[in-house]
Amino acid sequence: LIACEGANTGGGRRISITSRDGKIRTLSDGIDGKRFNSPNDLAIAPNGDVYFTDPRYVGDDPRDLDYEGVFRVTPDGKTTI
């Protein structure tokens, strides 16, 4: 299971993967040394790339990124906008 962990209610502000045995690991939690604001809406490409948005609709959690965008995480863990 690959999931967007948003913000506003104690979310992890990351993209995570849960294995069949229940172990959770982070695929990506930020870009350029800054954490995502509130990852949401992901899609997985046939080659394994994970695309997701990082909007901020509501909430008081701090914003590390001063922009919203669509991001990609490659199977080797590289994150780009």
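# An all-strand protein chain and its aromatic cluster

Phe36 and Phe52 are both buried, a term that stands for a relative accessible area under 20%, with exposed meaning over 50% and partly exposed in between, computed with a 1.4 Å probe on protein chains only. The model is predicted, and local features need pLDDT of at least 70, side-chain atom pairs count only at pLDDT 80 or more, and totals for chains, interfaces and linings use all residues. Residues are numbered from 1 along each chain as its sequence is written, and side-chain values use heavy atoms, with hydrogens and water left out.

## Overall form

The protein chain holds 9 strands and 0 helices. These elements are DSSP runs numbered from the N terminus, where a helix (H or I) needs at least four residues and a strand (E) at least two. The radius of gyration of the protein chain is 12 Å, which agrees with the value near 12 Å for a compact globule of 81 residues; this quantity is taken over C-alpha atoms, and the globule rule is 2.2 Å times the number of residues to the power 0.38. The C-alpha trace spans about 35 × 25 × 20 Å along its principal axes. Of the 81 residues, 30% are buried. Contacts (heavy atoms within 4.5 Å) also describe the fold: among those between residues at least 6 apart in sequence, 36% join residues at least 24 apart.

## Strand pairing

Strands of a sheet pair through backbone hydrogen bonds, either parallel or antiparallel. Here two strands count as paired if DSSP finds at least two bridges between them. An open sheet is formed by 4 strands in the order E6-E7-E8-E9, with antiparallel pairing. Its edge strands, each paired on one side only, are E6 (40-44) and E9 (79-80). Strand E8 (residues 70-73) is joined to E9 by 2 bridges, and Arg72 stands opposite Thr80 in E9.

Earlier in the sequence, strand E1 (residues 2-5) runs antiparallel to strand E2 (residues 14-18), and 4 bridges join them. Glu5 has Arg14 in E2 as its bridge partner. E2 also pairs with strand E3 (residues 24-28), again antiparallel and over 4 bridges, and Ile17 is bridged to Arg25 in E3. E2 and E3 make a hairpin with 5 residues between them, and Gly22 in the turn has a positive phi of about 90 degrees.

## Aromatic residues and nonpolar core

A pair of aromatic rings is described by the distance of the centres and the angle of the planes. Rings of Phe, Tyr and Trp (its six-membered ring) pair if their centres lie within 6.5 Å; planes under 30 degrees apart count as stacked, over 60 as edge-to-face and the rest as tilted. The structure holds 4 aromatic pairs. The ring centres of Phe36 and Phe52 are 5.0 Å apart with planes at 85 degrees, so this pair is edge-to-face. It links distant parts of the chain, 16 residues apart: Phe36 lies in the loop between strand E5 (34-35) and E6, and Phe52 in strand E7 (residues 50-53). Together with Tyr67 and Phe71, these two residues form one aromatic cluster.

The largest nonpolar core has 8 residues: Ile15, Ile31, Phe36, Val50, Phe52, Leu65, Phe71 and Val73. Such a core is a set of buried Ala, Val, Leu, Ile, Met, Phe, Trp, Tyr and Cys residues joined through side-chain atoms within 4.5 Å. E7 and E8 are the elements that give two or more residues to this core. Beyond its neighbours within four places in sequence, Phe71 has contacts that include Ile31, Phe36, Val50, Phe52 and Leu65. Val50, on the same basis, touches residues including Ile2, Ile15, Leu42, Phe71 and Val73.

## Three buried residues

| Residue | Location | Relative accessible area |
|---|---|---|
| Phe71 | strand E8 | 1% |
| Ser16 | strand E2 | 2% |
| Asn37 | loop between E5 and E6 | 0% |

Ser16 and Glu5 make a polar contact between their side chains at 2.7 Å. A polar contact is a pair of N or O atoms within 3.5 Å; within protein, one must be able to donate a hydrogen and the other to accept it, and residues adjacent in sequence count only if both atoms are side-chain atoms. The side chain of Asn37 reaches the backbone nitrogen of Asp64 at 3.1 Å, and a polar atom of that side chain lies 2.9 Å from the backbone oxygen of Leu65.
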